[in-house]
Amino acid sequence: MSSDLHIVSWNCAGWKSTLEHIQRFRGGLPGFLERHCADVLCLQEVKLTAKAIAADAAKLGAEVAGFDSFWCCNEGTGGQRMGFNGVATIAKQGLVIKADAAPLGHPDLDAEGRCLLTDFGPFVIFNVYVPNSSGGSRLPFKMRWLHALRDAMQRVRATGKHVILAGDLNMKNRPQDSYWTARLVSIRQLEGLAQKSGALQPPEVHEAVLAISSALPRICTALRAKEIRPIQTTNRFNGQQFQRWGVFAKNQVDESVRIGDPMHTEEDAELSYLVDGVGVETDGRLVLGSDSDQSEF
C-alpha cells in the first residue's frame, strides 16, 4: 500500500442518477476516479438495494476495472422504507482485506444501511450516513446510533488499528450552520440583550429586541397552547396530495393561525416550537419542559 492514500467522501443523494451524470463526461466512472485521484471513494445515500446491485452491477458502478466495491443497503427490515439511505465504499483493488455491513452490532441500528466498515490492514474506514433527528422525532434513535458507532470504533482501536471516520454526519456545530428559520432562540440570551444599553447595539436591533422581549410572555403562552391539525398539501406540478400536519396558535385577536411550514409527521409537529426546553439523556431519551435543565445534553 502506498504511503499516500486519497480518500474522497460524497453524499450523492441517489447513486443511480448521479452515475448517469458522471457517465456523460469523458471516461465515465473510471475517468471520474482517475481525475479525482481517488484511491477510496466513500458514498452516502446511494439509495439502492442489494437485489438491484446484483442484477445490474456493472451499470451501477459496482464493477469498475482496478477497483473493488462494498455495499451496505437498507433492505426494509429496519425503521425506514427499503432502498432508503445506503452507503458504499469503492477502493482500489486489493486494498481492502474485509468489509462488514453490520459493524454496530445492533440489528435495528444496522438494518437501515447507514454504516459500512472496510478493513485496510493497518487501519479501517467507517463510512457512515448518520440518521437525521427529523426535527426531534428520531433524536433518541440518532443518539443510540451514535453511541453504538463510538463503541464500534473503540472496539477496533482496541485491536491496535487506526480508525478513519468518513461520510455524512448530519450534525450542526454552529447556529449559522442552520437556515435562519430553523435556528433555536435562546430566551435567556434574548432577555439579556434587552437589558443591555441601547448604546451598545444598533438602534434597529435594540428596538427589535425590546419589541420581541415585551411580547415574549404572550408568545410563550400561545405556543404552550398550540394545536396540531392534519392538513392536505398538493404538489403544484402533478396534483398529488399528501397528508401533513400543521401547528396552529392563537394570535393577539384570538384567531388561530398556522405557524411555519407543514410537518411530515404528527410527532414532528408535537416536538416543534417548544418554549420550556428540550434535552437528551445519554440513552437517547428526550426530556421536555423544565426537567430538561438537568438532562445530559
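## After helix 2

Which residue follows helix 2, and is its phi positive or negative? The residue is Cys-37, and its phi is positive, near 50°. Keep in mind as you look around that this is a predicted model.

Helix 2 itself spans residues 28-35, and its buried residues are Gly-28, Leu-29, Gly-31, Phe-32 and Leu-33. Several elements help to cover these buried residues, including helix 1 (15-22) and three strands: strand 1 (7-11), strand 2 (40-44) and strand 3 (67-72).

## A sheet of three strands

Further along the chain you can find an open sheet whose three strands run in the order 9-10-11, with antiparallel pairing. Strand 9 (227-234) and strand 11 (256-263) are the edge strands; each has a single partner strand, so one side of each has no neighbour in the sheet. From one strand to the next, the twist averages 40°.

Let us look at one of the pairings. Strand 10 covers residues 241-250, and eight antiparallel bridges link this strand with strand 9. To see the two strands side by side, try Ile-228, which stands opposite Val-247 in strand 10.

## Around Val-278

Our last stop is Val-278, a residue of strand 12 (residues 278-280). Is Val-278 buried, partly exposed or exposed? With a relative accessible area of 49%, Val-278 is partly exposed; the cut-off for exposed is over 50%.

Leaving aside residues up to four places away in sequence, Val-278 touches Leu-286, Val-287, Leu-288 and Ser-292. Gln-294 lies 16 residues from Val-278 in sequence, and their C-alpha atoms are 10 Å apart in space.

Methods: Residues numbered from 1 in each chain as written. Predicted model: local features only at pLDDT ≥ 70, side-chain atom pairs only at ≥ 80, totals over all residues. Heavy atoms only, no water. Pairing = 2+ DSSP bridges. Helix = DSSP H or I, 4+ residues; strand = E, 2+ residues; numbered from the N terminus. Axes fitted to C-alpha atoms, helices over the stretch in contact; angles between N-to-C directions. Buried < 20%, exposed > 50% of the residue type's maximum accessible area, 1.4 Å probe, protein only. Contact = heavy atoms within 4.5 Å.
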